[in-house]
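I opened this entry to keep track of what I looked up, and I meant to begin with a few single residues before turning to the fold as a whole.

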Amino acid sequence: MARFVLGAFRIDTARSGAAEQVQPLVDELCRRSPEFKAMWSENDVQGAHGDRIKRIRHSVLGPIEFEYSVFAVDGRKDLNMVVYNPATPEDAQRIASLMD
């Protein structure tokens, strides 16, 4: 997940023209975290947008999985749209039970 988030961060800052503004933050994170530095150096942006699975632990329902997709918003370099859907019919039923 860290690689996915870092790839999305890299794409989004480039898309919005903010790469120069975030460089001090990137430099600091590279100094403080060998893991961040290694991932940043990989320059991996494959799959930074697209489909993924997110697992959460809900306080009432327990573990739930969502499929989600991230889309760039045309004409708005500063925006992405994220759409979440229950990953399984069982997850959908459990979520719907909260609305009864």
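I started with His 58, which counts as partly exposed because its relative accessibility is 26%, and buried would need a value under 20% while exposed would need one over 50%. I am working from a predicted model, and I noted that His 58 is found in strand S1. When I left aside its neighbours within four places in sequence, I found His 58 in contact with Ile 64 and Leu 98. I also looked up the separation of His 58 and Ala 87, which are 29 residues apart in sequence and 15 Å apart in space, C-alpha to C-alpha.

Next I turned to Arg 57, which is found in strand S1, residues 51–58. Is Arg 57 buried or exposed? Its relative accessibility is 68%, so I entered Arg 57 as exposed. Apart from neighbours within four places in sequence, Arg 57 is in contact with Gly 62 and Pro 63.

I then went to Ser 69, which is found in strand S2, residues 62–72. Ser 69 counts as buried because its relative accessibility is 16%, and the cut-off for buried is under 20%. How far apart in space are Ser 69 and Val 82, C-alpha to C-alpha? I read 5.6 Å for this pair, with the two residues 13 apart in sequence.

My next entry concerns helix H2, which covers residues 19–32. Helix H2 has 14 residues and reaches 19 Å from its first C-alpha to its last, which is close to the 20 Å expected at 1.5 Å a residue. I did find a kink of about 25° in H2, and it is centred on Leu 25. Which residues of H2 are buried? I listed Val 22, Val 26 and Cys 30 as buried in H2, and what covers the buried residues of this helix includes H1 and helix H3, residues 34–42.

After that I stepped back to the whole chain, whose secondary structure comes to four helices and three strands. Reading along the sequence, I wrote the pattern down as α-α-α-β-β-β-α. The C-alpha atoms fill a box of roughly 50 × 35 × 20 Å along the principal axes, and I set beside this a radius of gyration of 17 Å, where a compact globule of 100 residues would have one near 13 Å.

For burial and surface, I noted that buried residues make up 24% of the 100 residues in the chain, and that the chain exposes about 7200 Å², of which carbon and sulfur atoms supply 55%. Of the contacts in the chain with a separation of 6 or more, 44% are between residues 24 or more positions apart.

I kept confidence for the last entry. The chain averages a pLDDT of 85, and 92% of the residues score at least 70. Where is the mean pLDDT lowest among the elements of the chain? The lowest mean, 81, belongs to helix H1 (residues 2–15), while the highest, 94, belongs to helix H4 (residues 89–97). I added a reminder to myself that predicted coordinates should not be read in detail where pLDDT is low.

Technical notes. Residues are numbered from 1 along each chain as its sequence is written. This is a predicted model: local features need pLDDT of at least 70, side-chain atom pairs count only at pLDDT 80 or more; totals for chains, interfaces and linings use all residues. Side-chain values use heavy atoms; hydrogens and water are left out. pLDDT is the predictor's confidence in each residue, from 0 to 100. Helices (H or I, at least four residues) and strands (E, at least two) are DSSP runs, numbered from the N terminus. The expected span of a helix is 1.5 Å times one less than its number of residues. The bend at a residue is the angle between axes fitted to the seven residues ending there and the seven starting there. Buried means under 20% relative accessible area, exposed over 50%, partly exposed in between (1.4 Å probe, protein chains only). Contact means heavy atoms within 4.5 Å. The radius of gyration is taken over C-alpha atoms; the globule rule is 2.2 Å times the number of residues to the power 0.38. Accessible areas come from the Shrake-Rupley method with a 1.4 Å probe; for residues, only the protein chains shown count as cover.
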